[in-house]
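Colleague: I would like to go through the labels on this model one by one. Please give me the reasoning behind each.

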Amino acid sequence: MKFRFILLSVTGLMLFSCKSGNDKFDAAGNFEAVETMVSAEANGKILAFNVTEGQVLEQNQMVGYIDSAQLYLTKLQLAQNRKAILSGRPDIAVQIESLQKELDNAITDRNRIQNLVKGEVASQKQLDDANTRIAIIQAKIDAQKSVLTTSTTTLNEQSNTIEIQMAQINDQLRKCRIVNPLKGTVLAKYAEPFEMTMQGRPLYKIADIDNMFIRVYVSEPQLSKIKLGQKAVVLIDSGKKDYKKYEGTISWISDKAEFTPKIVQTKEERVTLVYAVKVVVKNDGFLKIGMPGEVNFIK
């Protein structure tokens, strides 16, 4: 009878030891995700905003827009101003057409006189006068071209200034469109349609919860046993005595020690210097932000 009692006691102690061993983990922490706050980039009334909490949004998906009527009217006005400026550019070929014909006639006369001089019918002075006339007409053409070219350049520069202003308006119009920057799940919504908004006002918060990480803290002796890229087993509670396991990878190890966060229960543990570590985990839908978990590092 005494032997049976001793045997049962030893068996119970062994079972207790095994259970206690299974409940020991290298580190514990809470699950997090990279959260992005999407804010308004323009001022005005929100005319459409198709976002609900828990909704999965794709990257570059348009989810709403802000009133842009005044900006569009300004764009039309600038386009009209640019058209008016460009219409004032002179047609250089038309402007110098008469001078060009005069020059052609002067060259013809000079060639005729040159032939007469060779035949000793005309004097050298007549030939010199013909050349002088050609030079004067050519100078007038060059001067007219210079004036017209300067005028054209000035108008083109004014048109370029209008184009820059239109590019600014187009950028402001683009910012009136509320475009989701990344694929993820909407965590919180801070605005509704027909509300007034302004630049920098938060509209909603989104996070990629398909790829989460658990932030844990390790002691200095543990630090020498882990490295970036090292595999780990991440566990969450699944019932009272069971755990659900995930494969994780160490993606970040803090280079600075800090005091243990206040989430640790005992006062003695809270004053211990530890190092923060992030373990990336692929979410199958059961992991939630803030959920506690444990980590065992694979040696």
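Colleague: Which residues does Cys176 touch, not counting residues up to four places away in sequence?

Modeller: Cys176 touches Ala42, Gly64, Tyr65, Ile66, Asp67, Ser68 and Leu71. Keep in mind that this is a predicted model. A contact here needs heavy atoms within 4.5 Å.

Colleague: Where is Cys176, and how far is Cys176 from Ile66 in sequence and in space?

Modeller: Cys176 sits in the loop between helix 5 (124-175) and strand 6. Cys176 and Ile66 are 110 residues apart in sequence. Their C-alpha atoms are 4.8 Å apart.

Colleague: Why is Cys176 called buried?

Modeller: The relative accessible area of Cys176 is 2%. Buried means under 20%. Therefore Cys176 counts as buried.

Colleague: What about Asn180: buried or exposed?

Modeller: Asn180 has a relative accessible area of 0%. The limit for buried is under 20%, so Asn180 is buried. Asn180 lies in the loop between strand 6 (177-179) and strand 7 (184-189).

Colleague: Which backbone oxygens does the side chain of Asn180 reach?

Modeller: One belongs to Glu58, at 2.9 Å. Another belongs to Leu182, at 2.4 Å. A polar contact needs N or O atoms within 3.5 Å. Leaving out residues up to four places away in sequence, Asn180 also touches a set of residues that includes Leu57, Gln59, Asn60, Tyr204 and Ile206.

Colleague: How many aromatic pairs are there?

Modeller: The count comes to two aromatic pairs.

Colleague: What makes the pair of Phe25 and Tyr243 edge-to-face?

Modeller: The ring centres of Phe25 and Tyr243 are 5.4 Å apart, and the planes are at 75°. Pairing needs centres within 6.5 Å, and edge-to-face needs planes over 60 degrees apart. Therefore this pair is edge-to-face. The pair links distant parts of the chain, 218 residues apart. Phe25 is in the loop between helix 1 (2-22) and strand 1 (27-32), and Tyr243 is in strand 12 (residues 243-253).

Colleague: Why are Phe25 and Tyr243 called partly exposed?

Modeller: Phe25 has a relative accessible area of 23%. Tyr243 has 25%. Partly exposed lies between the 20% and 50% limits, so both residues take that label.

Colleague: Why is the pair of Phe49 and Tyr204 called tilted?

Modeller: The ring centres of Phe49 and Tyr204 are 6.1 Å apart, with planes at 45°. Stacked needs under 30 degrees and edge-to-face over 60. The angle meets neither, so the pair is tilted. Phe49 lies in strand 3 and Tyr204 in strand 9 (residues 202-207), so the pair ties together parts 155 residues apart in sequence. Phe49 and Tyr204 are buried.

Colleague: How many salt bridges does a search of the whole structure find?

Modeller: The search finds 14 salt bridges.

Colleague: How do you know that Lys205 and Glu35 form one?

Modeller: Their closest N and O atoms are 3.5 Å apart. The cut-off is within 4 Å, so the pair qualifies. Lys205 is in strand 9 and Glu35 in strand 2 (residues 35-39), 170 residues apart. Glu35 is partly exposed, at 39% relative accessibility.

Colleague: What separates Lys175 and Asp171 along helix 5?

Modeller: About one helical turn, because Lys175 and Asp171 are four residues apart in helix 5. Their side chains meet in a salt bridge at 3.4 Å, N to O. Lys175 is partly exposed at 26% relative accessibility, and Asp171 at 29%.

Colleague: What makes Glu195 and Arg201 a salt bridge?

Modeller: The closest N and O atoms of Glu195 and Arg201 are 2.9 Å apart. That is within 4 Å, so the pair counts as a salt bridge. Glu195 is partly exposed at 29%, and Arg201 at 23%. Elsewhere, salt bridges that share partners join Asp109, Arg112 and Arg133 into one network.

Colleague: Which residues form a nonpolar patch on the surface?

Modeller: Leu47, Met62, Tyr65 and Phe194 form the patch, with about 390 Å² of accessible area together. Leu47 is in strand 3 (residues 44-49).

Colleague: How does Leu47 qualify for a patch?

Modeller: Leu47 has a relative accessible area of 31%. Patch residues need over 30%, so Leu47 meets that cut-off.

Conventions: Residues are numbered from 1 along each chain as its sequence is written. This is a predicted model: local features need pLDDT of at least 70, side-chain atom pairs count only at pLDDT 80 or more; totals for chains, interfaces and linings use all residues. Side-chain values use heavy atoms; hydrogens and water are left out. Patches are made of residues with over 30% relative accessible area and no salt bridge: like charges are joined within 9 Å, nonpolar side chains (Val, Leu, Ile, Met, Phe, Trp, Tyr) within 5 Å. Accessible areas come from the Shrake-Rupley method with a 1.4 Å probe; for residues, only the protein chains shown count as cover. Helices (H or I, at least four residues) and strands (E, at least two) are DSSP runs, numbered from the N terminus. Buried means under 20% relative accessible area, exposed over 50%, partly exposed in between (1.4 Å probe, protein chains only). A polar contact is a pair of N or O atoms within 3.5 Å; within protein, one must be able to donate a hydrogen and the other to accept it, and residues adjacent in sequence count only if both atoms are side-chain atoms. Rings of Phe, Tyr and Trp (its six-membered ring) pair if their centres lie within 6.5 Å; planes under 30 degrees apart count as stacked, over 60 as edge-to-face and the rest as tilted.
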